[in-house]
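Okay, thanks for coming, everyone. Let me put the model up and walk you through a few spots in it.

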Amino acid sequence: GGGGVQYPQPNPNPSPTTLSCSPASLAASAASPWGTVCMLTSSGEIVVELYDSYAPQTVANFYNYVAAGFYTNTLIHRVDRDFVIQGGGYAPGMVAKTPLYAPLKLESNNGLSNLRGTLAMARRSDPDSATSQFFFNVRDNTSLDYQSAANPGYTVFGRIISGLPTLDAINVV
């Protein structure tokens with residue numbers, strides 16, 4: 001019996017394969033005119049550049065969580081195949097982490113679009129509810145962009161500049 005496509009299972013021990021960013025990732029960071037963050041995952045590295053002039057409070061918030069070590073040993077807890085992968089809110093065992101800082105004022109009306117490889121803030125239905133959770137757009141998700149005050153979308157605040165293969169590897173887990 002069985003059949004169908006076999007996908008890798010989620011990694012129950014989400015330790016990165018390395019504890020430092022590779023020379024290639026560091027070179028990508030150095031070449032970016034923006035501030036960057038290197039994310040180390042059990043599937044590889046992702047380097048994102050962060051667009052502080054488009055989403056200043058969102059980027060400052062993200063840096064604050066990074067500096068506090070909040071994201072260390074957290075999970076990519078949601079993989080919605082060919083849509084988004086989401087992280088920044090759960091420790092191993094799906095233990096919810098308590099946000100460190102107040103929710104953000106939405107900065108989605110900034111001209112940036114939820115295109116493949118971009119980084120955006122996850123939130124609840126309240127537009128001003130984003131805290132620590134973020135997501136990567138696996139494909140172009142322009143339906144998540146700002147449309148109007150009634151349909152405010154999600155704040156894009158960065159983009160993968162190195163590590164798209166890592167995004168794609170996580171997408172099929």
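So, where is the place of L144? L144 sits in the loop that runs between strand 8 (134-137) and strand 9 (156-162). Helices and strands here are DSSP runs, H or I of at least four residues and E of at least two, numbered from the N terminus.

Quick housekeeping: this is a predicted model, so local features need pLDDT of at least 70 and side-chain atom pairs count only at pLDDT 80 or more, while totals for chains, interfaces and linings use all residues. Residues are numbered from 1 along each chain as its sequence is written, and side-chain values use heavy atoms, with hydrogens and water left out.

Back to L144. Is it buried or exposed? L144 is buried, at a relative accessible area of 13%; buried means under 20%, exposed over 50%, partly exposed in between, with a 1.4 Å probe and protein chains only. Skipping neighbours within four places in sequence, L144 is in contact (heavy atoms within 4.5 Å) with F83, V84, N114, F135, N137, G153 and Y154. Its C-alpha is 8.8 Å from that of T155, 11 residues apart along the chain.

T155 turns up again with E107, which is in the loop between strand 6 (95-96) and strand 7 (118-121). Outside its neighbours within four places in sequence, E107 touches A55, P56, Q57, T58 and T155. Now, E107 is buried and yet has no salt bridge, that is, no Lys or Arg side-chain nitrogen within 4 Å of a carboxyl oxygen of Asp or Glu. The nearest side chain of opposite charge is K105, 9.8 Å away; for charge, Lys and Arg count as positive, Asp and Glu as negative, and His and the chain ends are not counted. What E107 does have is a side-chain polar atom 3.2 Å from the backbone nitrogen of Q57.

Next, helix 3, residues 164-171. Which of its residues are buried? They are T166, L167, I170 and N171. Looking down the axis, these fall within an arc of 140 degrees, so they line one face of the helix; the arc is taken from the directions from the helix axis to the C-beta atoms. Their cover includes strand 1 (35-41), strand 2 (44-50), strand 3 (76-80), strand 4 (84-87), strand 8 and strand 9.

Zooming out: the chain has 3 helices and 9 strands, and 40% of its 173 residues are buried. Of contacts with a separation of 6 or more, 65% link residues 24 or more positions apart.

How values were computed:
A polar contact is a pair of N or O atoms within 3.5 Å; within protein, one must be able to donate a hydrogen and the other to accept it, and residues adjacent in sequence count only if both atoms are side-chain atoms.
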